Amino acid sequence: MRPGAIGAVSDRSAGLRIRVPLELSVPRLLTEAGYRVETTPSRQSTRSLFDTANRRLAAGGGELSLNEHDGWRWRRDTLGHPKLTSREWSAPRDARPQVMDWTRAYRRGRPLAERAVVIVRSRRHTIRSGHSDLLLTLVEERLDVRTASGATPRLRHLEVAEAGTDAAAAITVVRNAAVLDAPTLTLLSPARTRAAALKIPAPDQTGVRDLFARSTTLSLIQWLYFDCELSAGSPDALRKLRVAMRRLRSDLQTFAPLLDRGWADELREQLGSVAARLGVVRDAEVLGERLAGLAAVLPETERPAAVSLLDVASTQLATSRAELFDELGTPAYLEVLDRVVGAVTSPRWKEGDPDVRVERLARRPWRRLRSYVGSVDDPPSDAQLHRIRILAKRARYASDACVPSAGPPAAECAARLAVLQTVLGEHHDGVVTREWLHRQAQAVAGVSFAAGEIAALELRRVREAAEQWRAEWAKVSRSENWRWLRN
């Protein structure tokens, strides 16, 4: 982790921002709904909005601003991703290197510059019930574009600063008056936003190309989001970032019948290289977590001997993370990410218009998985179980991608495959941990006994997972689960 990565972060993810019409009177709206409203005097400030020349931040849902007194403010919208929340961070005015790290994936090598100056008029509304109970505090901001001739009103936002347990009804009143939100620069000057905007297809768009666009756009939004989280030290960012890359690779394979083959294969290979590099660090994270948990159950007299194992694992993780951070700042990484953005917003379709049904796309990875399971040894080797896990993951991602069209049957199959994948993941993590412990025991005689005891604990978990996967496979492979593929 880079020095100071967390210190400048002000996490305001609990805040909900709502864009409302310029002419709306918030106090009148809530008073007419039966609430008591107390409003503070308006406070005025000036804020500069920053972006690349072609507005890459705005196209990806990002908004970066600088205020003389409050410093930097970096907001990321989810663009409709159902599993993410909008987040807003702040940093001092002199923390530009920090801000460059946060915006790295959104910028992708392009420089930032001031693109607009807005006058912000803000005030606070305290909303109480008829019994004077405090329900909600809203911060209202009106943004006016500053021009040579004065200021032009453009936007009005409300942000939930505090919310009590009974605030839902009051929030609903405001949300019912809301208009579609977007990054401020996009709304101020849409004609100047030349970068391809990320947009998730509407729920009723269920054509094969729409499914590709939805699945890949969701993964790309997650990639941009968690690259930023990784720079800020979020503990789960690496896993989520890696999942986004793997889903993108899986989609390129699942939808291969529709895509230019050479183009898709090359992009999959580039994504695979980046994902593999992340995998090295993620494996080191998992190793440290498992070792700490296992060492905690050793007899108290033997725990000191395990400390050196934990230290070695911690050092290896720190080293691999530092190397990864260096790599993620290189032009090679940003070039791959830029290519993925282009692939998601403007994919290269195969010439003509292949008549490919959704079910056929998911059928291929499922059949590969089923065929491979039928060919493995009894009992299967560790390598074979790992291969089953990989194939199960691909079948799961393919089923997930088809849910908007195929509905609940596809979602249920994806959920069952997720359970199987978890069981096999436990097995794989245990195998990797045992192999690492074996190497450490050979290299350092003084910790051999502790390593052996921890390895014995892992062996029990490995055997349990190896036995459990068959039961989960039996649930997944029932023919009734997969009838939707034959429709």
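What pLDDT does the protein chain average, and what share of the residues score at least 70? The protein chain averages a pLDDT of 87, and 90% of the residues score at least 70, where pLDDT is the predictor's confidence in each residue, from 0 to 100.

**Figure 1. The predicted model as a whole.** This is a predicted model, in which local features need pLDDT of at least 70 and side-chain atom pairs count only at pLDDT 80 or more, whereas totals for chains, interfaces and linings use all residues. Residues are numbered from 1 along each chain as its sequence is written, and side-chain values use heavy atoms, with hydrogens and water left out. The protein chain holds 15 helices and 9 strands, these being DSSP runs (helices H or I, at least four residues; strands E, at least two) numbered from the N terminus. Taken along the principal axes, the C-alpha atoms fill a box of roughly 75 × 65 × 50 Å. Of the 487 residues in the protein chain, 49% are buried, a term that means under 20% relative accessible area, with exposed meaning over 50% and partly exposed in between (1.4 Å probe, protein chains only). Among contacts (heavy atoms within 4.5 Å) between residues at least 6 apart in sequence, 72% join residues at least 24 apart. Over residues 1-14 pLDDT stays under 50, and for this stretch the model has 33 contacts beyond four places in sequence.

**Figure 2. Helices α12 and α13, with alanine 395.** Two packed helices are described by the angle between their axes and the distance between the axes. The axes of α12 and α13 come within 9 Å and cross at roughly 165°; axes here are lines fitted to C-alpha atoms, for helices over the stretch in contact, and angles run from 0 to 180 degrees between N-to-C directions. The two helices α12 and α13 are therefore roughly antiparallel to each other, since angles over 145 degrees count as roughly antiparallel, under 35 as roughly parallel, 65 to 115 as roughly perpendicular and the rest as oblique. The crossing of α12 and α13 is left-handed, which is to say that the near helix is turned anticlockwise from the far one by less than a right angle, a clockwise turn being right-handed. Residues of α12 that meet α13 include Ala362, Pro365, Trp366 and Leu369, and those on the α13 side include Leu391, Ala392, Ala395 and Ala398. Alanine 395, in helix α13, is buried, with a relative accessible area of 1%. Its C-alpha atom is separated by 6.8 Å from that of alanine 362, although the two are 33 residues apart along the chain. Leaving aside neighbours within four places in sequence, alanine 395 is in contact with Pro365, Trp366, Leu369 and Leu417.

**Figure 3. Helices α9 and α10, with glutamate 285.** The axes of α9 and helix α10 (residues 303-328) come within 9 Å and cross at roughly 160°. That angle makes α9 roughly antiparallel to α10, and α9 passes α10 in a left-handed crossing. Glutamate 285, found in helix α9 (residues 261-295), counts as buried because its relative accessibility is 9%. Its contacts, leaving aside neighbours within four places in sequence, are with Leu238, Leu317 and Arg321.

**Figure 4. Helices α7 and α11.** The 24 residues of helix α7 (residues 208-231) should span 34 Å at 1.5 Å a residue, and its end C-alpha atoms are 35 Å apart, which agrees; the expected span is 1.5 Å times one less than the number of residues. Helix α7 is mostly covered, with 20 of its 24 residues buried, and is followed by glycine 233, whose phi is positive, near 90°. For the 15 residues of helix α11 (residues 331-345), the expected span is 21 Å and the end C-alpha atoms are 21 Å apart, which agrees. Buried residues of α11 include Tyr333, Leu337, Val340 and Val344, and what covers its buried residues includes α4 (104-107), α7, α8 (237-254), α9 and α10.

**Figure 5. Backbone geometry in three loops.** Most residues other than glycine have a negative phi, and most peptide bonds are trans. Arginine 55, in the loop between β3 (43-51) and α2 (56-59), has a positive phi of about 65° although it is not a glycine, and at 1% relative accessibility arginine 55 counts as buried. Leucine 79, in the loop between β5 (71-76) and β6 (87-91), has a phi near 55°, a positive value in a residue other than glycine. A cis peptide bond, with omega about 0°, joins aspartate 378 and proline 379, and proline 379 is found in the loop between α12 (358-375) and α13 (382-406).
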